[in-house]
Amino acid sequence: MRSTLKSAIVLGFMAIIMWSCGGGSDENKPDHYLVDGVAIEGYDPVAYFTKSEAVKGSSEFTFEYEGVTFQFSSEKHLDLFKTDPAKYAPAYGGWCAYAIAEKSFKMEPDPTNWQIQEGELQLFYEDFWTELQGGLKKEWNAEPEEYKTKADTNWDQIVTE
């Protein structure tokens, strides 16, 4: 019962946030979350795997993958990404994994709120209200396999629309 109430509260806050950010429609949002044309707000996708932390990349080290520019903190990370970009690129186009799973909605993530599940980089939205409720990542991790299955299914539908 408590988990259900908590989920309802988190979803309620998400609805308010989505409404305040321009409504519930994401049909005009690109498949990849970009800020100034750069993926993950310029964070280095390889650093999440090699350093276990969110590290800002540099415009000195960039690579385009699937039409998206990624930045890296070092030439070594750039080279690792080039050898296997699908391994390092964030899941769900870099959008909030929880929002994709629960609402099939492209919600901007906080690149410093992340995890790796089954070798896949997942990013999560975070703000004051969701953090008060324990955070979307914590909610996801209460049932990670279920949320991942839902997100994978929803993402497949989003990118084929």
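Start with Cys96: in this predicted model, and leaving aside neighbours within four places in sequence, Cys96 is in contact with Met107, Pro109, Leu123, Phe124, Tyr125 and Leu136. Cys96 also turns up in the largest nonpolar core, as one of the five members that touch the most others. From there, here's a walk through the cores, a buried lysine, two hairpins, a pair of loop residues and the largest pocket.

**The nonpolar cores**

- The largest core has 20 residues, and Tyr92, Cys96, Tyr98, Ile100 and Trp140 are the ones touching the most other members.
- Helix 5 (97–103), helix 7 (136–142) and helix 8 each put in at least two residues of this core, with helix 5 giving the largest share at 5 residues.
- There's a second, separate core too: 17 residues, including Ile40, Leu78, Ala89 and Trp114.
- As background, nonpolar side chains in soluble globular proteins tend to be buried together.

**Lys148, a charged residue under cover**

- Lys148 sits in helix 8, which spans residues 144–160.
- Is Lys148 buried or exposed? Its relative accessible area is 8%, under the 20% cut-off, so Lys148 counts as buried.
- Setting aside neighbours within four places in sequence, Lys148 is in contact with Tyr92, Gln117, Glu118, Glu120, Gln122 and Trp140.
- Two of those partners, Tyr92 and Trp140, are also among the core residues that touch the most other members.

**Hairpin of strands 3 and 4**

- Strand 3 (residues 58–65) and strand 4 (residues 68–72) pair up antiparallel over 5 bridges.
- Across the pairing, Thr62 stands opposite Gln71 in strand 4.
- The two strands form a hairpin with 2 residues between them, and Glu66 in the turn has a positive phi of about 50°.
- Glu66 shows up again at the largest pocket, as one of the lining residues that lie nearest its centre.

**Hairpin of strands 5 and 6**

- Strand 5 (110–117) runs antiparallel to strand 6, and 5 bridges join them.
- Here Trp114 faces its partner Leu123 in strand 6; Trp114 belongs to the second core, while Leu123 is one of the contacts of Cys96.
- Strand 6 (residues 120–124) is mostly covered, with 4 of its 5 residues buried.
- This hairpin has 2 residues between its strands, and Glu118 takes a positive phi near 50°. Glu118 is also one of the contacts of Lys148.

**Positive phi in two loops**

- Ile40 has a phi near 55°, a positive value in a residue other than glycine.
- Look for Ile40 in the loop between strand 2 (38–39) and helix 2 (45–50). At 2% relative accessibility, against a 20% cut-off, Ile40 counts as buried.
- Ser104 isn't a glycine either, yet has a positive phi of about 50°.
- Ser104 lies in the loop between helix 5 and strand 5, and is partly exposed with a relative accessible area of 27%.

**The largest pocket**

- The volume of the largest pocket comes to about 270 Å³.
- What lies nearest its centre? Of the 20 lining residues, Glu66, Ala89, Pro90, Ala91 and Gly93 do. Ala89 is a member of the second core as well.
- Helix 4 (85–88) and helix 8 each supply at least two residues of the lining.
- By type, the lining splits into 12 nonpolar, 4 polar and 4 charged residues.

Technical notes. Residues are numbered from 1 along each chain as its sequence is written. This is a predicted model: local features need pLDDT of at least 70, side-chain atom pairs count only at pLDDT 80 or more; totals for chains, interfaces and linings use all residues. Side-chain values use heavy atoms; hydrogens and water are left out. Buried means under 20% relative accessible area, exposed over 50%, partly exposed in between (1.4 Å probe, protein chains only). Contact means heavy atoms within 4.5 Å. A nonpolar core is a set of buried Ala, Val, Leu, Ile, Met, Phe, Trp, Tyr and Cys residues joined through side-chain atoms within 4.5 Å. On a 1 Å grid over the protein atoms alone, a cavity is a set of points where a 1.4 Å probe fits but cannot get out, and a pocket is an open set with protein on both sides within 12 Å along at least five of seven lines; lining residues have an atom within 4 Å of a point. Grid points are joined across faces, edges and corners, and a volume is the space filled by probe spheres set on the points. Ala, Val, Leu, Ile, Met, Phe, Trp, Tyr, Cys and Pro count as nonpolar, Asp, Glu, Lys and Arg as charged, and the others, Gly among them, as polar. Two strands pair if DSSP finds at least two bridges between them.
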